[in-house]
Amino acid sequence: MLEYKIILTNLSLDMEIGVYKQEHGVTQEVLVSVEAKVELNNKNIEDDIDNVLNYATIKDKIEAIAAEGHIHLVESFADKILTHCMDDKRITEMKVRVEKTEIFENAEKVGVEFKRTQA
C-alpha cells in the first residue's frame with residue numbers, strides 16, 4: 001500500500017458566488033486549496049501516470065463545479081468539491097479551503113475550510 005497527499009494551493013477562479021444582491025450577476029475571485037490523502041494498492045509508481053490519482057483531475061472537477069452557475073455559499077461550494085472529488089475511493093481524506101478575496105477592505109481573505117474522510 002502506498003499513501004501520499006495531493007496538494008493544490010490557491011487555485012484562482014472568477015465565479016458567481018454569494019447570497020447578497022450585489023453578488024448576483026457578477027464574478028469575484030475565489031481561491032480554492034485542497035489537500036487530499038490518497039491510498040494506492042500498488043507499492044511502486046513506476047513513473048506511470050496511470051498508477052496515481054492525477055492532480056489535474058481534482059483541478060478540473062473544481063473548475064467544472066464553479067462553471068455550473070451561481071453558488072450562494074462558500075460552504076456549499078466546499079461541500080460540492082468534497083462530494084465530487086471523493087467519489088474516487090482512492091481519496092481517504094480531503095481538506096478543502098474556499099476563500100473570497102474581495103469581501104472586506106481590511107481583510108485579505110474570508111472563507112471556510114472543510115475536512116472529510118471516507119465512510
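Between which two strands does the loop that holds Tyr20 lie? In this predicted model, Tyr20 belongs to the loop that links strand S1 (2–15) with strand S2 (28–40).

**View 1. Tyr20 in the loop between S1 and S2.** The close-up is centred on Tyr20, a residue of the loop that lies between strand S1 (2–15) and strand S2 (28–40). Tyr20 has a relative accessible area of 53%, and because exposed means over 50%, this residue counts as exposed.

**View 2. Tyr20 with His72 and Leu73.** Although Tyr20 and His72 are separated by 52 residues in sequence, their C-alpha atoms are 8.4 Å apart in space. Leu73 joins Val19 and Tyr20 in a nonpolar patch on the surface, and together these three residues have about 290 Å² of accessible area.

**View 3. The pairing of S1 with S2.** The two strands on either side of the loop that holds Tyr20 run antiparallel and are joined by 12 bridges. One position to look for in this view is Leu11, whose bridge partner in S2 is Val32.

**View 4. The pairing of S2 with S3.** Strand S2 also pairs with strand S3, which covers residues 91–100, and here the pairing is in the antiparallel sense over 9 bridges. Within this pair of strands, Leu31 stands opposite Glu99, a residue of S3. Taken with the previous view, S2 is thus seen joined to S1 and paired with S3.

Technical notes:
Residues are numbered from 1 along each chain as its sequence is written. This is a predicted model: local features need pLDDT of at least 70, side-chain atom pairs count only at pLDDT 80 or more; totals for chains, interfaces and linings use all residues. Side-chain values use heavy atoms; hydrogens and water are left out. Helices (H or I, at least four residues) and strands (E, at least two) are DSSP runs, numbered from the N terminus. Buried means under 20% relative accessible area, exposed over 50%, partly exposed in between (1.4 Å probe, protein chains only). Patches are made of residues with over 30% relative accessible area and no salt bridge: like charges are joined within 9 Å, nonpolar side chains (Val, Leu, Ile, Met, Phe, Trp, Tyr) within 5 Å. Accessible areas come from the Shrake-Rupley method with a 1.4 Å probe; for residues, only the protein chains shown count as cover. A salt bridge is a side-chain nitrogen of Lys or Arg within 4 Å of a carboxyl oxygen of Asp or Glu. Two strands pair if DSSP finds at least two bridges between them.
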